[in-house]
Amino acid sequence: MKKIWFVVMLIMLGLLVAAMHIYIFDNGSEQPANNNASTGPADFDDESVEKTVDESDTGYVPGIVSGDEVFQNINEEGYQKGLFSWENNAYDSENRSDMYLAIHSLEINEVYQDFNGAEPNDEDALDLARELKIMDVDLYLLTGHSEWAYEADGAPMLDEIERAAAFRDAWGENTLKGIVFDIEPYGSQRWKQGEKTVLMENYVSGMKVAYQAAKSEGFRVILCIPTWYDKHYNEYFVRLSDCCDEISVMNYVREDEYVNMVDEVEYARKMDMGVTCILEFQEVGKHELAEEHTYYIDGIDAAVTSFNNLYREFNYPRLKLAFHYLKPLKQLLLDW
């Protein structure tokens, strides 16, 4: 029965997208005259990092279907939720219904989209930005690479901030909320060669410059971090937290989810800043992910139940949940 309703949902989402196009262009909107990370926060291939982890470690999109709900309300607590999307074709016209289904089903408030290779006048990117604005869903540019920590001047981050400003200028006011940086120095060759302190110093210096530039453009900055910076690089954890508006914790060891981010939540509480718990949904075996790292097998309900428990236990209203990421979630939503 769910699969029949799923088909109905897809059809209605297609009609919604068409209606959005009519709304946009009937209101006089004009068409606008890199090196990002390819896989996202699940990349922790460095053996030393894996060992470190093992040893230590309301903008709701309105429902389209009335009456009996196709999907249960997964958000009893009222917290905000984000969705990572790394595929460049996710915002193509023929694929956006997949994203919109996830937004509706999971009650997503923020989308973090990789626009690697896109230009400000990209028609599909423009449509995504304007359609999400109509849906009252905040859009962030998702970007980053481990080698960006090679440079202390923040040049790669500054380039992305410039790109983000160009996108926003082309798309219109309030279409791009900010930037999510996923920069993982521990995935680089130089980290494996022992240059850990140098890379972390470069990373902090670059982010300090980038954060000032982003704020001058009016962008929010979210910074993805692993669960172990606070334990093994606490000085850098604190300094990096000062270079963003929100820390987004890659909480990928399921049995220790509370312990993994208790320090980050308490620091965020102390500083009155946002903090996000990212949960993984990629298939077991991808990027060496084991079943203990991902909810691919146990599914969305298990992940949401686990986060609900965390949210109650932490009792911090600025704690958010983020789903990593859209591609594997599409299959999980079919079976949900």
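Modeller: Before we turn to this predicted model, one convention is needed: angles under 35 degrees count as roughly parallel, over 145 as roughly antiparallel, 65 to 115 as roughly perpendicular and the rest as oblique.

Biologist: Why are α10 and α11 called oblique to each other?

Modeller: Helix α10 (residues 257-271) packs with helix α11 (residues 299-314) at an angle of about 45°, their axes being 11 Å apart. Because the rest, outside the ranges for roughly parallel, roughly antiparallel and roughly perpendicular, counts as oblique, α10 and α11 are therefore oblique to each other.

Biologist: What is the handedness of the crossing in which α10 passes α11, and which residues make the contact?

Modeller: The crossing in which α10 passes α11 is right-handed. On the α10 side the contact is made by Glu 257, Tyr 258, Met 261, Val 262, Val 265 and Arg 269, and on the α11 side by Ser 306, Leu 310, Glu 313 and Phe 314. Sorted by class, the contact of α10 with α11 has six nonpolar, one polar and three charged residues.

Biologist: Turning to Arg 96, what makes this residue count as buried?

Modeller: Buried means under 20% relative accessible area, and Arg 96 has a relative accessible area of 0%, so Arg 96 is buried. Arg 96 lies in helix α3 (residues 96-106), and its C-alpha atom is separated by 7.6 Å from that of Leu 128, although the two residues are 32 residues apart along the chain.

Biologist: How much of the protein chain counts as buried?

Modeller: Of its 336 residues, 55% count as buried, in a chain that has twelve helices and eight strands.

How values were computed
Residues are numbered from 1 along each chain as its sequence is written. This is a predicted model: local features need pLDDT of at least 70, side-chain atom pairs count only at pLDDT 80 or more; totals for chains, interfaces and linings use all residues. Side-chain values use heavy atoms; hydrogens and water are left out. Helices (H or I, at least four residues) and strands (E, at least two) are DSSP runs, numbered from the N terminus. Buried means under 20% relative accessible area, exposed over 50%, partly exposed in between (1.4 Å probe, protein chains only). Axes are lines fitted to C-alpha atoms, for helices over the stretch in contact, and angles run from 0 to 180 degrees between N-to-C directions. A crossing is left-handed if the near helix is turned anticlockwise from the far one by less than a right angle, and right-handed if clockwise. Contact means heavy atoms within 4.5 Å. Ala, Val, Leu, Ile, Met, Phe, Trp, Tyr, Cys and Pro count as nonpolar, Asp, Glu, Lys and Arg as charged, and the others, Gly among them, as polar.
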